[in-house]
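Hi,

Here is the structure I promised to pass on. Have a look, and my notes follow below.

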Amino acid sequence: MENKLVMYLHGGSGNHGCEAIVNSTCHMLEELPKLLVTNSEKEDKFYSLDGLCDILQERKIDEHFIAHVWYYLWRSLFHDPESFMRYRFRDILGKKQAPLYVSVGGDMYCYEISKKEAVLANRTFCRAGAKTVLWGCSIEPELLKEPEVVEDMKRYALITPRESITMQALSEAGITENVKFFPDPAFSLKPEKTSMPENFRAGETIGINISPMIVSHEKEPGITVQNYRKLIEHILGTSANRVALIPHVIWKNNDDRKTLAELYQGYEENERVMLLPDMPCGKLKYIIAGCRAFIGARTHATIAAYSSFVPTLVVGYSVKALGIARDLFGSEENYVIPVQTLQEPDALIRAYEWLMGEEEAIRMRLREIMPEYCAKAVQAGDEIRKLWKQVTK
């Protein structure tokens, strides 16, 4: 691994946002030798990443009883939490150590449980003497009030926040020297042409995405699905538009298709409503680009829409949705509905009506800013090249 750039903290391409980050990063760093260390080699080879980079399955300690017991005892006796990481990444440490490690899990610092994982991984690689990069990230500002997280940020050779809320939070925490702003790498994702669903009508179809993740953040049980169902009824009853239900994550315990199937109930025989099958990120972007408008929960589904000039309403729950919308439009108001604020069953209808009332203005705005915005996302690759030259000279 000594001569390869290593991408790590990748959960697998069953999350097509994770896939889109790695896919677009590989294209912007085409000439560099790259290795993806993944939680699911099978997923990555099934979708779009095979051939873009080498792929290595990381070690899963919970699948090996003896190793699990040994490392658990070691960690307990010697207070060595990094021991699990040394096992997990054993194939890219020691004599196989790489010069540069890029964390491609963009929202690892948005959640408490994944934050701990990211901190330990970064500390493990830095202690081994390697350089690390926090790539295309969002960070919950509250986490940057924790001394452990602030110290962790200082270990990275480079941090590239993908939206201004994270950028400002890093600055307020005193993290500035190793920070450079670039849009999410997936803004540069190339769409892959595919056949449209039979009943899909380009320019006359509203794309809809919902996720178990946003449902889990709602304050009033059932309000999110209720809002989405009423929205579908409203679209069908007040326009000639069709509705495409589009999954963007299909992981076993976090599968958009389960929630979308709930929305699809009762519309199975309605040719104006279609439930799309799973497909790679580039094909999903191609279909989303054909939508008249998009209402989405998954960040990278909405990034696919934004970058294809599709007016987009985000049903979000974290800093990443708010920050990206603010950077694109100057304000997140009307462009993002925090799922935690949903209280009335027709809130999504009102937001949708505002979006459609501003449809042409929003589309013009996206056509105006997106070429430069997407080009800036690609320019982040130059920062990696500079680091690569430093660590391999």
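Let's start with one pair: Ile-208 sits opposite Ile-295 of E12. The strand holding Ile-208 is E7 (residues 205–208), which runs parallel to E12 (residues 293–296) and is joined to it by 3 bridges. For the terms: strands pair if DSSP finds at least two bridges between them, and helices (H or I, at least four residues) and strands (E, at least two) are DSSP runs, numbered from the N terminus.

A word on the source: this is a predicted model, where local features need pLDDT of at least 70, side-chain atom pairs count only at pLDDT 80 or more, and totals for chains, interfaces and linings use all residues. Residues are numbered from 1 along each chain as its sequence is written, and side-chain values use heavy atoms, with hydrogens and water left out.

Now the whole sheet. It is open, with 6 strands in the order E11-E8-E7-E12-E13-E14 and parallel pairing. E11 (273–275) and E14 (336–338) are at the edges with a single partner strand each, so one side of each has no neighbour in the sheet.

Helix H9 (residues 223–238) packs on the sheet, touching E7, E8, E11, E12 and E13 (contact means heavy atoms within 4.5 Å). The direction of H9 makes about 175° with that of E7 (axes are lines fitted to C-alpha atoms, for helices over the stretch in contact, and angles run from 0 to 180 degrees between N-to-C directions). Helix H10 (residues 256–264) packs there too, touching E7, E8 and E11.

And disulfides (cysteine sulfur pairs within 2.5 Å)? The structure holds 0. For Cys-291, the nearest cysteine sulfur, that of Cys-281, is 16 Å away.

Cheers

Notes:
A disulfide is a pair of cysteine sulfur atoms within 2.5 Å.
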